[in-house]
Amino acid sequence: MRVLSQPEQRPLRQRRFMLSDRWLGWLLVAPSFLFIFGLLGYPLLYSLTIMFMDLNITRPWIGPQFVGLGNFIDMVQNSEFWASLGRTLYFAAVSIVLGTPIALVFAIILNQDFPLRGLARGLMMIPWAIPHVVNGVIWARIYDANYGMLNGLLYQFWIIQGYIPWLTNPNLALFLIVVAEVWVSTPGLTLLFLAGLQTIPSELYEAASCDGAGVLQKFWYITLPLLKPMGLVALVLKTISAFGIFDIIYVLTGGGPANSTQVLGYYIYMESFKYLHVGYGAALSYVIAAIILGLVFIYSRILRFEGVQETV
Amino acid sequence: MRLVYRRGFNLSRTISKILLYFGLAFFLIYMLGPVYVMLITSVTPEREQLAVPPAWFPSNVDISQYMNILIYADRPENVAARGFVRSLLNTFLVASGVTFLSVTLGSLAAYAYARLAMPFREKIIFLLLFTEMLPGVVIALPLYLTIRQIGLMDKLITLVILECSFSLPFTIWILRGYFLSLPRELEDAAMVDGCSRVGALFRVVYPLATPGLFAAAAFAFIGSWNAFFLPLIFTSSAETRTAPLAVSLLIGRFYVQFGLLAAAGTLASITPVVLALLFQRYVLSGLVAGALKG
């Protein structure tokens, strides 16, 4: 009210608007933040306390014990942790190596002019829209040892002599799951590259044609370099997603055979919910969250500095 | 000279046309082949299911598995199919709740971050991105301990609330992008004409942002419909089972009943697939940002 009495003050109306805008902003974001940071932030804080403990859920007579860094020491010394991390990175690497070329080719096809192009783009969304569990069911049918489609196809074309039990082979199972996951994630990756292709000005291609460049040269010197930002985005997002792979492994192999498909996400699930190693599970979760934080940081840098933000 | 040039041009055009259609054929087989496998498996008669090599084209279309799930689930021999219709209904209820909450609450927050001077804007947006990317399994354990303690396990409302907190970051992310793409001048004009900011939001921004709201709603609905990990952890009884969970339970107990499994899978997929195709135009743009997160 003291402010009111000063005649040289800026118009009151404008100041009140500024103030109310700020309060309005908080009012608008409050419900969402209550959901997001209440329900996701609180567990992270809670984990902070239990990851230094052994809750002894399976041995209730001992009760919760403070173990300090014990869970982290267990983790570093546990070969299964390192094996799961290795499988996760293998998963990410193979799905990038297999998935990126397919998606790039599909994006180039869908960027051409042909009749019913909209329909083709729409049909592409079907694998994305089907629940992951159902995708797992489909691939379980395809990979089935006795009656599966993959066996049938290879057998009919004389590629294999007899039926092969694909998913019970520890050397093949994880690779086959990656193949299934590549199928599921092809639509998203294709659309990413399609968005990248559409930002390339057609003048560049016309200029290159005038200079006598062929199709391959145009692809090599124009398309690929200009798709680099999208490629980086795909790289980081695929790596992040590898840490969250769960549904399809649960359905197809349950982590087996002989733990050969147990990626980190599945490892946390088993430790936390099957063996009830609660403190250990929380410590694992924190390590994964930290890795993902780092990857998201890289991702946000790419978005900002490579100028992908506008297209994504 | 000019003639030669044009002939060469046409030849390479023909070649690239042929290449394009080969590529398209591969694209369609690749994308739809596995879907076709599910569809034929669901309508193949029982005795042909176990054919070696598999029956690529079933001799006749047998819809008995769909009947077993949808109509005759009460019969004793169909004990596996029991409760599947209920699970579809549960999934629909949960997904509707999640969609409603995410879009109403998320659009308000998205507007604030698109138009108002919010403190720590960049940091908060980064945090949203981080929570969006965080796999459910990473925070499930403490959530599980808490929810069990306050006695909210095995309730549909718990699923709605939890899935909401997972879908909100993405909803805010895409709606913020959409609001930023709208011309600011329209709101300013409304406010000059005496509309309050909230009035401008409801009378100007929301009507203009309808496509964005549709996209956000389709994403929230499909994401919730397809959710598997949260229902797996937080529900246990048949009354609260969602469709993906019901499908996964069929695998465990009746692995060789391919027909039943495929029919259940098809029924669980119809809603999200139809929605994705209906809202295709709206969803495609958002998919680029969101589909890769797993």
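These questions and answers cover a predicted model and the contacts in it. Residues are numbered from 1 along each chain as its sequence is written, with chains lettered from A and ligands numbered from 1 in the order in which they are written. Local features need pLDDT of at least 70 and side-chain atom pairs pLDDT 80 or more, while totals for chains, interfaces and linings use all residues.

Colleague: Which element gives the largest share of the side of chain A that touches chain B?

Modeller: Residues are in contact if their C-beta atoms, placed from the backbone, lie within 7 Å. The contact takes 81 residues from chain A and 75 residues from chain B. On the side of chain A, 16 residues, the largest share, come from helix α1 (residues 12-50) of chain A.

Colleague: How far apart are the C-alpha centres of domain 1 and domain 2 of chain B?

Modeller: Chain B is divided into domain 1 (2-62) and domain 2 (80-293), with bounds from an automatic or database domain assignment. In their contact, 7 residues of domain 1 of chain B meet 6 residues of domain 2 of chain B. The C-alpha centres of the two domains of chain B lie apart by 34 Å.

Colleague: Why are α10(B) and α13(B) roughly parallel or roughly antiparallel?

Modeller: The axes, lines fitted to C-alpha atoms over the stretch in contact, have angles from 0 to 180 degrees between N-to-C directions. Those of helix α10 (residues 210-226) of chain B and helix α13 (residues 258-278) of chain B come within 10 Å and cross at roughly 160°. Angles under 35 degrees count as roughly parallel and over 145 as roughly antiparallel, 65 to 115 as roughly perpendicular and the rest as oblique. Therefore α10(B) and α13(B) are roughly antiparallel.

How values were computed
Two residues are in contact if their C-beta atoms, placed from the backbone, lie within 7 Å. Helices (H or I, at least four residues) and strands (E, at least two) are DSSP runs, numbered from the N terminus.
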